[in-house]
Amino acid sequence: MRQSTALSLLLLLSTAAVVTNAHNITRLLAKHPSFSTFNRYLSQTHLADEINRRTTITVCAVDNSAMADMLAKHPSIYTIKNILSLHVLLDYFGAKKLHQITNGTALAATMFQATGSAPGSSGFVNITDSKGGKVAFGPEDNGGNLDVFFVKSLEEVPYNISVIQISKALPSDVAEAPTPGPSQMNLTGIMSAHGCKVFADTLLANREASNTYQDNIDGGLTVFCPLDDAFKAFLPKYKNLTASGKVSFLEFYGVPIYQSMSMLKSNNGLMNTLATDGANKFDFTVQNDGAAVTLKANGITAKITGTLIDEQPLAIYTINKVLLPKELFKTAAAPTPAPAPAPEEAADAPKSHKSTSADSPSDDSDSPADAPEDDDADVADDNAGVRFHGIRLVAILVSLCLGLLML
């Protein structure tokens, strides 16, 4: 009994250090060759990665024949992504649940709705348990027409992922509308329309930084855009930067890879930016703060407050503070206080409140004196503390297991 308990603890210890994906949609569909086209486009549109990151999901797959009908209209890869994202429900619907829907009907949100590209209710799917044992599907913006039916269950991992076959692709004028490629998107327009107009106008006025953002969209780009009130208050300091400093500062808010919110939450740590250039790191630290995600640089912590767009390869988030890269904003050393005069000298000392040039911080436009201090030491201390407690926990568990085995 003691040995069994000890072995169980050792198993717990070993599994605690292992992180695995709950599911892999491409592997699940690979078992079903008649869905190879659907599977291939899940990978090409990068939807497979998003599906694998979700913990509760239903994929409504269509076979190769149904995919051929859809592809005959020659949609762009971005339109295909919208269509297929409408087929990914953000809830679990196994075969049993489909036939036992409360009140006979349900309205399910889809990944298309989650992208923010679906206006109104166009990103929702109506599921109805119909007469004769049939389960019908239809987009909410389809005028109530339910002409797509459940065929069979392909793969189910209860309450984690369900892969089902439906009779044909879900029709949706919104999802099927021509979709511009990422490089055709108006970045500053998206920012301006959602509370980041001051930052967007500043970026637009700087051709070099603006071109850097545009050139990186197709390969993957994540932007953290300060809200208007915060950036407007910072503009006087921005105007004091050199020309190269302004470019680096604006590029500091862009990351040259796509990062969804779930990726940011699971990939905490230092992150390079568009301004990173060898020794000039221009990086910040991504950290979780409860359900929120924060960015920390040079002693300032900004919180992600909203998502303007999150559609691979582009993500734009709003943040509530202006981050100051330490390469441009370094804290000046505090002047050493003069020794207090002796009592007899104090009476004769002139009463002057003027500061000398030696006591004044240097006027460096790239390095304002009132910026926060570097926080690398704090981050190192935090990481060391986490490692210490982790090692201590492992040592306690191992000692407990060995003690039980010796008994």
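Glu155 and Lys31 join their side chains in a salt bridge, with 3.7 Å from N to O. The two residues belong to distant parts of the chain, 124 residues apart. The model is predicted, and the count of salt bridges in it comes to 6. Three of these pairs are described below, followed by one residue of helix α3, Thr37.

**Glu155 and Lys31**

- Glu155 is part of strand β6, which covers residues 148-157.
- Lys31 sits in the loop between α2 (25-30) and α3 (36-44).
- Glu155 has a relative accessibility of 18% and counts as buried, because buried means under 20%.
- Lys31 is exposed, its relative accessible area being 54%, because the cut-off for exposed is over 50%.
- The salt bridge therefore pairs a buried Glu155 with an exposed Lys31.

**Arg53 and Glu50**

- A salt bridge also connects the side chains of Arg53 and Glu50, at 2.6 Å from N to O.
- Both residues lie in helix α4, which runs over residues 47-53.
- Arg53 and Glu50 are 3 residues apart, or about one turn of the helix.
- Arg53 is partly exposed, with 31% relative accessible area.
- Glu50 is buried, at 13% relative accessibility.

**Glu176 and Lys73**

- Glu176 and Lys73 form a salt bridge in which the closest N and O atoms are 3.8 Å apart.
- Glu176 is in helix α9 (residues 173-176) and Lys73 is in the loop between α5 (64-71) and α6 (77-85), so this pair ties together parts 103 residues apart in sequence.
- Glu176 has a relative accessible area of 31% and is partly exposed.
- Lys73 counts as exposed, at 62% relative accessibility.

**Charge pairing in general**

- Side chains of opposite charge can pair when their charged atoms come close.

**Thr37 in helix α3**

- Thr37 has its place in helix α3, the helix that spans residues 36-44.
- With a relative accessible area of 12%, Thr37 is buried.
- Leaving aside residues up to four places away in sequence, Thr37 touches Asn64, Met67 and Leu71.

How values were computed
Residues are numbered from 1 along each chain as its sequence is written. This is a predicted model: local features need pLDDT of at least 70, side-chain atom pairs count only at pLDDT 80 or more; totals for chains, interfaces and linings use all residues. Side-chain values use heavy atoms; hydrogens and water are left out. A salt bridge is a side-chain nitrogen of Lys or Arg within 4 Å of a carboxyl oxygen of Asp or Glu. Helices (H or I, at least four residues) and strands (E, at least two) are DSSP runs, numbered from the N terminus. Buried means under 20% relative accessible area, exposed over 50%, partly exposed in between (1.4 Å probe, protein chains only). Contact means heavy atoms within 4.5 Å.
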